[in-house]
Amino acid sequence: MQPELHLYDVTLRDGNHALRHTLNSKFVADYCQLADNSDVWAVEVGHGNGLGASSFLVGKSSEKDAELLTTARSHLNRTKLAVHAIPGFATIKRDLVPALACGVDIFRIATHSTEATTAQKHIEFLRNKGVIVHGVLMMSHMNDISGLISQSRLMQSYGATAIILMDSAGYFVPNDVHERVDAIKNALEIEVGFHAHNNLGVAISNAAEAIQSGASIIDGASMGLGAGAGNAQLENIVSTGIRNKSINSDITKFLEMSQKVENEFLDKLPSVTSSSIQSGMAGVFSGYAPQVKLISDELGINSNNLWEEISKRKLVAGQESMVREIAQDLMNL
């Protein structure tokens, strides 16, 4: 039997990329009040790169993790509070333990799609703490299906209760999603989720395909607020789900959330651009888009050439300092 579909809201975490990590407690409080009255299963909160990631390299947060999490917790009663954590940015003692104290319900431990072993200590620590633990494979297009199954099985063995495939670069089209979700769903005994980005303009189609292929946890952000071209728009996931009868929810609650985001961050809303399409085609992390544009304009180089070179060097999130070095290398060719 297919598990109940869970809508997982990343607006207050992935959306922080679009806001350059300036998310504040006031907006978190207002948004969580709205989300708590919707059919959102969980709201993810924090720095765009997750717990402990605030830094000059990937962006300094305007408020500390604990401030945002404590605020969110106090305004969520029905809806679960979730966080994203990448081993290396997030440590057990400095980040996971305080987050537990803040009342986080769901921890997502995320690694590159070929590096699940780096999540072992974090997942094993959390699995006996009475919280839900997801294993997340970021940049999932950078591993083949058999590799994704192998990495997913490792996370399952550590104690993850679900595997989330992240299309971090917005590279997939629906058939890619079907092949991967279906294969992992049939290979594991735990739930499978999917996280779409809209670089090629097909995030909603990809999310719908994931649901049809057996994913029971679907990520979305109000107004698509997220890195690069943004995430799958949560309100559109719900509206299309209502139309095809895969979701039974009150769309008005989700529209209230999207209107809140639109009213507050109209000038920050993501869109599909030539740069985001270049990013998606190259299979490069969506969050690099502002940096690629800035450096390309500054140095007078073709942004498409820069995206392609970043792709060749297989950069992932957290290697932002390399973008300028690569651009300078291109100038010297």
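A disulfide is taken here as a pair of cysteine sulfur atoms within 2.5 Å. In this predicted model, the number of disulfides under that criterion is zero. The cysteine sulfur closest to that of Cys-32 belongs to Cys-102 and lies 13 Å away, which is too far for a bond. The relation holds from the other side as well: Cys-102 takes part in no disulfide, and its nearest cysteine sulfur is that of Cys-32, at 13 Å. With regard to solvent exposure, Cys-32 has a relative accessibility of 0% and is therefore classed as buried. Cys-102 has a relative accessibility of 15% and so also counts as buried, since the class covers values under 20%.

The packing of two helices was examined next. Two packed helices are described by the angle between their axes and the distance between the axes. Helix H7 comprises residues 174–187 and helix H8 residues 203–212; the two pack at an angle of about 30°, and their axes are 8 Å apart. H7 is therefore roughly parallel to H8, because angles under 35 degrees fall into that class. The crossing of H7 with H8 is right-handed.

On the H7 side, the contact is formed by Pro-174, Val-177, His-178 and Val-181. H8 contributes Ser-205, Asn-206, Glu-209 and Ala-210. Classified by residue type, the contact between H7 and H8 consists of four nonpolar residues, three polar residues and one charged residue. Among the nonpolar contributors are Pro-174, Val-177 and Val-181 of H7 as well as Ala-210 of H8, whereas the charged residue is Glu-209 of H8.

Methods. Residues numbered from 1 in each chain as written. Predicted model: local features only at pLDDT ≥ 70, side-chain atom pairs only at ≥ 80, totals over all residues. Heavy atoms only, no water. Buried < 20%, exposed > 50% of the residue type's maximum accessible area, 1.4 Å probe, protein only. Axes fitted to C-alpha atoms, helices over the stretch in contact; angles between N-to-C directions. Helix = DSSP H or I, 4+ residues; strand = E, 2+ residues; numbered from the N terminus. Parallel < 35°, antiparallel > 145°, perpendicular 65-115°, else oblique. Left-handed = near helix turned anticlockwise from the far one by under 90°. Contact = heavy atoms within 4.5 Å.
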